[in-house]
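Reader: Could you take me through this protein slowly, with each term explained as we go?

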Amino acid sequence: MHGTALVAARSLLPLITQLRDTTESERRIAAPLVDALRQARLCRGAVPASLGGLELRGIEHLELYEMLARAEASVGWIVWNNALPCFFARFFRPEARAEIFADGDWLYASSTRPSGRAAVTGDAYRVNGRWALVSGCELAEWLALRCTIEENGAPRMLRTNVPEVRFVWLRRSEVEILDTWHTGGLRGTGSHDVVVKDQLVPRRHSLSPSDGSSLAGTIGRVPIVCNMAAGYGAQLLGMGEASIAALVALTASKPVVDPGPTLGERPAVLTAVAEQRTRLAAAREHLHGAVARLWTASEQDKAADLDVAAVYGAAHHAMAQGRAAVGAAYALAGASALYTSSPLERAHRDLHAMAAHVIAQPHYLEDTGRVQLGLKPVNPLYLV
């Protein structure tokens, strides 16, 4: 499926570029592009083949995200965001998983913020809450929303100071989408707030990593969240490559208005192009190597905490190198990068919007250091 996915993604690049302004102005992926993504099943890379998914392996995900983000960050972001709920489907019982992934055209959205309440009501939950930054919520058929479980009017505690938290899955028709996504970057992701009021959700449509995987094979065993971090890093590598390419293209067209060398003859530009491309390539190799080793270990059911930590470390290194490349290209382009017609202007905005995501925060690197010191991570999702 890997080659098929990349061929399909590559065939979409002209359409992605053609619809960039529509995606930006409508604050969601342009409709013809959504249809194309559905047809190619690119949002179902983490869905098992038995359920009509692509069941991509680690590096295959990374190559897909990087290619799409290089063309349009919002498209890469939506495809990447679909992976988390699809990976988490391993924690469903088989019957529920088959139900929620029954239609190959369905897309998914999620929030890991535990900003909802799910009150136990027989064999169901009464769900209320509001979740922010739910990317792709308008496109999704199912939304996985994280809730604190309540019983008898109070949080149900697993142990002292640790309430039970579960993802509850609702149809888009069961949630209210608030038009809150008015932002500078990642405008095309439609990351609105969603509200749920008194919806009764059967317990079989909820899950927690503590339920354990019911899915056989590597896709049912490989750690999830570190792979999401790797996918984030891959997107930034793509944006970094696109930004350096835009700078190179600008050297052929930018007029000289001041005495001195042309843009393409300036030492700072020449050095930056060589240096940034080398750093991006090195970061890619490091990231791909760490992810490949993790998937190989998972295939043998031997993945260790240090394997997970290595992926987080490589992912955050890739993030840093991608940011540096975008920043360098933007700065060296001068006033040309200020205009919305410039790919660098869009990349600069998107980069800073992406930086707010939880997976890019320093506490993941702090937990990586803890694991490398033989300690336990603080974040309960770190090893999931």
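Author: Buried means under 20% relative accessible area, exposed over 50%, and partly exposed in between, with a 1.4 Å probe and protein chains only. Helices (H or I, at least four residues) and strands (E, at least two) are DSSP runs, numbered from the N terminus. This is a predicted model, in which local features need pLDDT of at least 70 and side-chain atom pairs count only at pLDDT 80 or more, while totals for chains, interfaces and linings use all residues. Residues are numbered from 1 along each chain as its sequence is written, and side-chain values use heavy atoms, with hydrogens and water left out.

Reader: How many of the 27 residues of H7 are buried?

Author: Helix H7 covers residues 225-251. It is largely enclosed by the rest of the structure, because the buried residues among its 27 number 22.

Reader: How far apart are the end C-alpha atoms of H7?

Author: The expected span of a helix is 1.5 Å times one less than its number of residues. For the 27 residues of H7 this should give 39 Å, which agrees with the distance between its end C-alpha atoms, 40 Å.

Reader: Which helix gives the most to the largest nonpolar core?

Author: A nonpolar core is a set of buried Ala, Val, Leu, Ile, Met, Phe, Trp, Tyr and Cys residues joined through side-chain atoms within 4.5 Å. The largest one has 107 residues, and Leu-42, Phe-87, Trp-169, Tyr-232 and Leu-287 have the most contacts inside it. With 14 residues, the helix that gives the most to this core is H7.

Reader: Which residue stands opposite Arg-117 in E2?

Author: Two strands pair if DSSP finds at least two bridges between them. Strand E1 (residues 108-121) and strand E2 (residues 124-134) pair in the antiparallel sense over six bridges, and they form a hairpin with two residues between them. In E2, the residue opposite Arg-117 is Asn-128.

Reader: Which residue in E9 stands opposite Arg-130?

Author: E2 also pairs with strand E9 (residues 192-202), in the antiparallel sense and over eight bridges. Opposite Arg-130, in E9, stands Val-195.

Reader: What is the phi of Gly-334, which follows H9?

Author: Helix H9 takes in residues 305-333, and its end C-alpha atoms are 42 Å apart, which agrees with the 42 Å that its 29 residues should span. After H9 comes Gly-334, whose phi is positive, near 70 degrees.
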